[in-house]
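Subject: Model for your review

Hello,

Please find the sequence and the structure below. My notes on what was found follow them.

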Amino acid sequence: MARERIAAVRGMNDLLPAQAPLWEWFEARVADWVRSYGYQLIRTPVLEHTELFVRGIGEVTDIVEKEMYTFEARSSSEKLTLRPEFTAGTVRAAIEHSLTYDAPKRVWSMGPLFRHERPQRGRFRQFHQVNVEALGFTGPDIDAEQIAMLARLWKILGITSARLEINCLGQLEERARHRVDLISYFEQRRKLLDADSVRRLTTNPMRILDSKNPALTQLLADAPEITAYLSDASRRHFDGLQDLLNAAGVAFKVNPRLVRGLDYYNLTVFEWITDELGSQGTLCGGGRYDPLIERLGGKPTPAIGFAIGMERVIECLTQAGHINDAAHVDVYVVHQGGVTAPRAFLAAEQLRDAGLDVICHAGEASLKSQMKKADTSGAEFAVIIGENEVAADSATVKALRTPSAEQRIVPLQILADTLIDALVQADQ
Ligand code: ATP
Ligand code: MG
């Protein structure tokens, strides 16, 4: 009787071999790109204490209010959470290991995150980000560098549709004065607010500006803008950023309503958005979070970072028709079973010693069926080891991509060199 199948968890995707080359290509470009700006890799656990995110992200955020995967550890009543973002864990690690003790640090990460959201196009419950953080820099030079860095990434990837919006959120005191006026503005128009916004009115009114409800568009457009509340110092920071972006030729739009989802941002915030992906069009979001490190128990340390949604970038690339061929092996080794199987096994190991990529046929099959597999593997050569070849300490080599090529018998001793020469020639 057939057993019932177990499917993947809703909102969580498998990366299948057919899509893997595109991800691998993207990830390799990212690794080169972060290195070109002096960023170093950091990997933190997927699981952290729940409190880290509550304190780090802010109690009144979508993530902490309703999106976290939280559970109790088996051995204790410790509350643990699957990371919903990278910054809190990165900052925790930086504090724990005194990473910014002697000098500022540029660090980056890549990997899966978990948020219990409604799955839809561009929005999943397990998704992936490239995350970049500069710890210990006051800016605005580093702010501009991170933004220019992203402009370069889009160029490297061939994404032409990404546009940049920036804003300045000022400091806590400036936000407090803005908050008073925001509350009174929304209080006077309470009837027009949706339930989420009414709730935020008493908890985090600035986040109402972040609402995606189209019914609120006009109301939000007329709301008091943070720009009017900025101090001279904040304004100078923002002007400095814009001057550097202009000098670097990075086009941007100032969006005074851009506030971003997380709680801890100050001064610079930015998003890169594309119109190619429907309503989930934000490819990357970032900003300065000077208060966070102290809030998580570290010495006051300014910092700025951003996160790129990898699934969304991949969808952009796919839509633009970006094709990546699957990487294939150089050689497929075919044998006749019996005594020829261990000889083939060893020959394959020796070819790998010489640096070749090799599939050795596993299991029993007719020569014909093995040759078919060799062909579909994409390998340049089939190396055939039958009984005659074993007797003569040799192998038969067949070039699979040049139909007219003759089969050749090659002594095993010079097999690797012969194949490498042939591969080099084929490349020219
Ligand atoms: P949104 O307002 O769209 O929910 P956010 O402010 O929650 O975005 P961030 O926490 O800043 O997003 O995450 C940075 C980027 O990660 C987003 O711009 C997006 O590209 C991607 N991202 C965020 N949540 C998801 C998700 N659930 N599925 C896929 N990608 C996501
Ligand atoms: Mg979100």
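I begin with helix H5, residues 141–157. Its 17 residues, at 1.5 Å a residue, should span 24 Å, and the C-alpha atoms at its two ends are 24 Å apart, so the expected and the computed spans agree. Please keep in mind throughout that this is a predicted model.

A good part of the rest of H5 can be described by burial. The buried residues in H5 are Ile142, Asp143, Ala144, Gln146, Ile147, Ala148, Met149, Leu150, Leu153, Trp154 and Leu157. Both flanks of the helix have a backbone feature to look at. Ahead of H5, in the loop that joins S6 to H5, sits proline 140. The peptide bond leading into proline 140 from glycine 139 is cis, and its omega is near 5 degrees. Just after H5 comes glycine 158, with a positive phi of about 75 degrees.

Domains

The protein is divided into two parts: domain 1 takes in 20–171 + 231–319, and domain 2 takes in 328–422. Taken over C-alpha atoms, the centres of domain 1 and domain 2 are 48 Å apart.

Ligand 1

The shell around ligand 1 consists of 15 residues, and the closest are Glu117, Arg123, Lys212, Arg260 and Thr282. By type, the shell residues divide into six charged, five nonpolar and four polar.

Three of the contacts can be given atom by atom. The side chain of glutamate 117 places an N or O atom 2.6 Å from a nitrogen atom of ligand 1. An oxygen atom of ligand 1 lies 2.6 Å from a polar side-chain atom of arginine 123. With phenylalanine 124 the backbone is involved: one of its polar backbone atoms is 2.9 Å from a nitrogen atom of ligand 1. On its own, ligand 1 has 590 Å² of accessible area, and the protein covers 91% of that.

Which elements give two or more residues to the shell around ligand 1? They are strand S6 (126–135), strand S10 (282–288) and strand S11 (303–309). The most comes from S10, which gives three residues to the shell.

Positive phi outside glycine

Two residues other than glycine also have a positive phi, and they are worth a look on the display.

- Leucine 267 has a phi near 50 degrees. Leucine 267 is part of strand S9, residues 266–273. Its relative accessibility is 5%, so leucine 267 counts as buried, the cut-off being under 20%.
- Aspartate 393 has a phi near 55 degrees. Aspartate 393 belongs to the loop between helix H14 (387–391) and strand S15 (394–399). Is aspartate 393 buried or partly exposed? With a relative accessible area of 46%, aspartate 393 is partly exposed, because that value falls between the 20% and 50% limits.

Methionine 310

Methionine 310 is in helix H11, which covers residues 310–319. Its relative accessible area is 1%, so methionine 310 is buried. In sequence, methionine 310 and cysteine 284 are 26 residues apart, while their C-alpha atoms are 9.0 Å apart in space.

Regards

Note on methods
Residues numbered from 1 in each chain as written. Chains lettered and ligands numbered in written order. Predicted model: local features only at pLDDT ≥ 70, side-chain atom pairs only at ≥ 80, totals over all residues. Heavy atoms only, no water. Near = heavy atom within 4 Å. Polar contact = N/O pair within 3.5 Å; in protein donor to acceptor, adjacent residues only side chain to side chain. Areas by Shrake-Rupley, 256 points an atom, 1.4 Å probe, with all protein chains shown as cover. Helix = DSSP H or I, 4+ residues; strand = E, 2+ residues; numbered from the N terminus. Nonpolar A, V, L, I, M, F, W, Y, C, P; charged D, E, K, R; others polar. Domains from an automatic or database assignment. Expected span 1.5 Å × (residues − 1). Buried < 20%, exposed > 50% of the residue type's maximum accessible area, 1.4 Å probe, protein only.
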